[in-house]
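Colleague: I have a model open and want to learn how to read it. Can we go through it feature by feature?

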Amino acid sequence: MKSIDLWNQLISEGHEIVEDRIYPVRDIYINKELVNRVTYPCRVKFLEKKNNKVTIELEYNKLYYSRFNKGVVTVNLVDVACGACGANYAKDLESFWKNFDETLELCHKALLCRYERLKGTVSDVAPILWQHGAIARLKKGETIDKLLTGGYSTISLGYAGLWECVVELIGKDLLTEEGQNLGLEIMRYMNKKCDDWNKELYLGFGIYGTPLESTTYKFAKCLQKRWGEIPGVTDKNYITNSYHVHVEKPIDPFEKLRVESIFQRLSSGGAISYIESANLEDNLEAVLTVIKYIYDNIMYAELNIKSDYCQECGWDREILIVEDESGKLVWECPNCGNRDQSKMNVARRTCGYIGTQYFNQGRTAEIKDRYVHMDCHECGC
Ligand SMILES: [Zn+2]
């Protein structure tokens, strides 16, 4: 079988699986050539191309196998920007870079504390991990210290809210040329810091697009407390993940992936892009087209498809988020009006993961606000 035929077969079966609301297909549309440029994409399997044959396999080599991460500290970029500009769009870039330096140094110190805390840990604390090969095969009583430096493990500088940060600093977003340039400058600056820190002590510092599953709410509440409600910056109960385009922004899926791919290359310690999709059971060709675009253009991206079920009436399309009498966001079956969370199943991507537990109010608001990139926008059917 020609590799292109096999590719088509894999993708054909894969996107049917997606439509069946299971998600392993993500593992086959990671572009290996793009993956090779980075150090640690999120949960990697590869599409290997060898001798014109295509096989799916994990890459068991020194770079990937048994790697582990020592931890993450996340910088709230929106807070750094607000600290420089206040609530009046002062556009004070000089103060921003000064603030940013101080904040990053604080993150650096916190990450070094993690390293110091781990130093001296003996393999006996978790034998499956450290002695029996899950991560390493150390002797009994041996410390894990030699795995903490030199590249065997990584340690992450996380970041969140690049979108709001740039809006606060210059009043323009990442879809404008000026906004994109500033966003990229900020990303490169964090990369440069990690390089500098690695030169001092090689702990595998890397940039990580923090998943921020529930922390988005905490960050947003803290921002509002400290800076008030700044339109377009702190006026939501969530902030935008990593380098993402704001969830409310109407944008076609190809343009979103194109723009985000530029930033994703600078988020080498972990990143995921996604596009929101309506139920496309009747338009698998559209799914296939987007998957192919992902494969050709971006390191790691996925489709978000709603996966719900009402146990009261059997409704298996989207369960909606509505405001109840007290203003709280709750889930409601549009078919029978059921609001009992124990009698429905809801699955949504909270960033890297698909969550089936219910989410805090900030994350729920973010999910409610998501623009659907793949939908029949023309006819509204
Ligand atoms: Zn129902």
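Colleague: Leaving aside neighbours within four places in sequence, which residues is Ala81 in contact with?

Modeller: Keep in mind that this is a predicted model. Ala81 is in contact with Phe96, Cys165, Glu168 and Leu169, once neighbours within four places in sequence are set aside.

Colleague: How do I read a nonpolar core here?

Modeller: The general idea is that in soluble globular proteins, nonpolar side chains tend to be buried together. In this case the largest nonpolar core has 54 residues. Leu77, Ala81, Leu157, Leu162 and Cys165 touch the most other members.

Colleague: Which element gives the largest share of this core?

Modeller: Helix α3 does, with seven residues. Another core lies apart from this one. That core has 17 residues, among them Ile298, Tyr300, Ala301 and Leu303.

Colleague: Now the sheet. In what order do the strands run, and is the pairing parallel or antiparallel?

Modeller: In general, strands of a sheet pair through backbone hydrogen bonds, either parallel or antiparallel. Here three strands form an open sheet, in the order β3-β4-β5, and the pairing is parallel. The edge strands are β3 (68-76) and β5 (205-209), each pairing on one side only. On average, neighbouring strands of this sheet are turned by 30° against each other, direction ignored.

Colleague: Over how many bridges do β3 and β4 pair?

Modeller: Seven, in the parallel sense; β4 spans residues 153-160. Take Val75 as an example: its bridge partner in β4 is Tyr159.

Colleague: Where does helix α3 lie?

Modeller: Helix α3 (residues 77-85) lies across β3 and β4. Its direction is at about 30° to β3.

Colleague: Is Phe100 buried or exposed?

Modeller: Phe100 is found in helix α4 (residues 93-118). Phe100 counts as buried because it has 21 C-beta neighbours inside 10 Å, and the cut-off is 20 or more. Sequence separation is another matter. Phe100 and Val75 are 25 residues apart in sequence, with their C-alpha atoms 9.2 Å apart in space.

Colleague: Last feature: helix packing. At what angle do α9 and α12 pack?

Modeller: Two packed helices are described by the angle between their axes and the distance between the axes. For α9 (residues 215-227) and α12 (residues 361-369), the angle is about 100° and the axes are 7 Å apart. The two helices are therefore roughly perpendicular to each other.

Colleague: Which residues make the contact?

Modeller: From α9, Thr216, Tyr217 and Ala220; from α12, Gln361, Gly362, Arg363 and Glu366. By class, this contact has two nonpolar, three polar and two charged residues.

Terms used. Residues numbered from 1 in each chain as written. Predicted model: local features only at pLDDT ≥ 70, side-chain atom pairs only at ≥ 80, totals over all residues. Pairing = 2+ DSSP bridges. Helix = DSSP H or I, 4+ residues; strand = E, 2+ residues; numbered from the N terminus. Axes fitted to C-alpha atoms, helices over the stretch in contact; angles between N-to-C directions. Contact = placed C-beta atoms within 7 Å. Buried ≥ 20, exposed ≤ 12 C-beta atoms within 10 Å, placed from the backbone. Parallel < 35°, antiparallel > 145°, perpendicular 65-115°, else oblique. Nonpolar A, V, L, I, M, F, W, Y, C, P; charged D, E, K, R; others polar. Core = buried A, V, L, I, M, F, W, Y, C linked by C-beta atoms within 7 Å.
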